[in-house]
Amino acid sequence: MICRATSDDGVEDSTKSVSVRVVSPRHTFCGVAEQNVRGLFNDRGTVFLCDSCLSIFAHAGHLQQHIQACRNAFWIPGDEVYRDEEHRFCVFALDGRKPQCVALARRICLLSKLFLVDKVTLDDVHFFSFMALFEVDDEGFHFVGYFSKEWTSSTSCVNTLSCVMVLPPFRSKGYGGFLVRLSYEMARVEGIVGTPERPLSTSGNALFRRVWREEVLFAVFALEERGIPITIGELSKASSLIIEDVLVALQDLDVLFSVGKQGPLLVVNVSEKTRLLQRRLAAEKLYWTSAPS
């Protein structure tokens, strides 16, 4: 049942957001539709979602009919850029400029509007690439989440990521952190240093700061193995984090960084090095050379 916002006299307030219940073949979850997208979801308060192509239906029967012929159940437009066969998920790069990717990109944006209010576009998908993560089983592909990245950035700063979203049923499985780490791994392949687009939500800020701490420690380990002096600049290049984000990570890690006669000195508690390395993204599973021009 839909939860409508009402004014003090009990009359429905069309300027407020409403709760939307989303039913997919495998999960049921809720989101919030703001005024500008309320009309895209039906007034019954429940929508039925194909978790392969993200088409939305007003009735369960319509969804069941669609599933029998969904063209995206075993085929996703775009290029597969990451595959984890052990955990049975993969990532596809959807180029918002390519006609075969536009429909799915727009559906991703529409679904994201239930969770990301201010940072999602519905019409200008051609400005972005979308890294869409799907779980895979014998019934095909099942959408989990994504991150988007703008094709062009300012000369002063490169955004490694514009939006990131994981659907509620999957948020305890570590996919959010994986997507952020994937964005930095792609940046390293491209040879760029960047940062996520601002502003960050409260939950987004916590997620990024956790990943920044891990990426900086990974950079420390890599520089030590290569015998390269550990400086802020080298940490930035090795991690693909801008210097400001490196400094935030070092502050959160509560490490000692000083410059003496022997040069920069960084002292980090590496007792959890093995555990951290187990969390590191498997770069060999990434099929990515550089962003298309």
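Biologist: Before we start, what counts as a helix here?

Modeller: A helix is a DSSP run of H or I with at least four residues, and helices are numbered from the N terminus. Keep in mind that this is a predicted model.

Biologist: Cool. So how are Glu234 and Lys237 placed in helix H5?

Modeller: They sit three residues apart in helix H5 (residues 232–239), so about one helical turn separates them. They also form a salt bridge, with the closest N and O atoms 3.4 Å apart.

Biologist: Are those two buried or exposed?

Modeller: Glu234 is partly exposed, with a relative accessible area of 23%, while Lys237 counts as exposed at 55%.

Biologist: And which residues get joined into one network by salt bridges that share partners?

Modeller: Arg26, Asp51, Glu135, Asp137 and Lys173.

Biologist: How far apart are the N and O atoms for Asp137 and Arg26?

Modeller: The closest ones are 3.8 Å apart, in a salt bridge. Asp137 is in strand S7 and Arg26 is in the loop between strand S1 and strand S2, so the pair ties together parts 111 residues apart in sequence.

Biologist: What about Glu214 and Arg181, buried or exposed?

Modeller: Both are buried. Their side chains meet in a salt bridge at 3.1 Å, N to O. Glu214 lies in helix H4 and Arg181 in helix H3, so this pair links parts 33 residues apart in sequence.

Biologist: New topic! How much space is in the largest pocket?

Modeller: About 1,000 Å³. It has 38 lining residues, and the closest to its centre are Val166, Tyr175, Gly176, Gly177 and Leu207.

Biologist: What kinds of residues line it?

Modeller: The lining has 18 nonpolar, nine polar and 11 charged residues.

Terms used: Residues are numbered from 1 along each chain as its sequence is written. This is a predicted model: local features need pLDDT of at least 70, side-chain atom pairs count only at pLDDT 80 or more; totals for chains, interfaces and linings use all residues. Side-chain values use heavy atoms; hydrogens and water are left out. On a 1 Å grid over the protein atoms alone, a cavity is a set of points where a 1.4 Å probe fits but cannot get out, and a pocket is an open set with protein on both sides within 12 Å along at least five of seven lines; lining residues have an atom within 4 Å of a point. Grid points are joined across faces, edges and corners, and a volume is the space filled by probe spheres set on the points. Ala, Val, Leu, Ile, Met, Phe, Trp, Tyr, Cys and Pro count as nonpolar, Asp, Glu, Lys and Arg as charged, and the others, Gly among them, as polar. A salt bridge is a side-chain nitrogen of Lys or Arg within 4 Å of a carboxyl oxygen of Asp or Glu. Helices (H or I, at least four residues) and strands (E, at least two) are DSSP runs, numbered from the N terminus. Buried means under 20% relative accessible area, exposed over 50%, partly exposed in between (1.4 Å probe, protein chains only).
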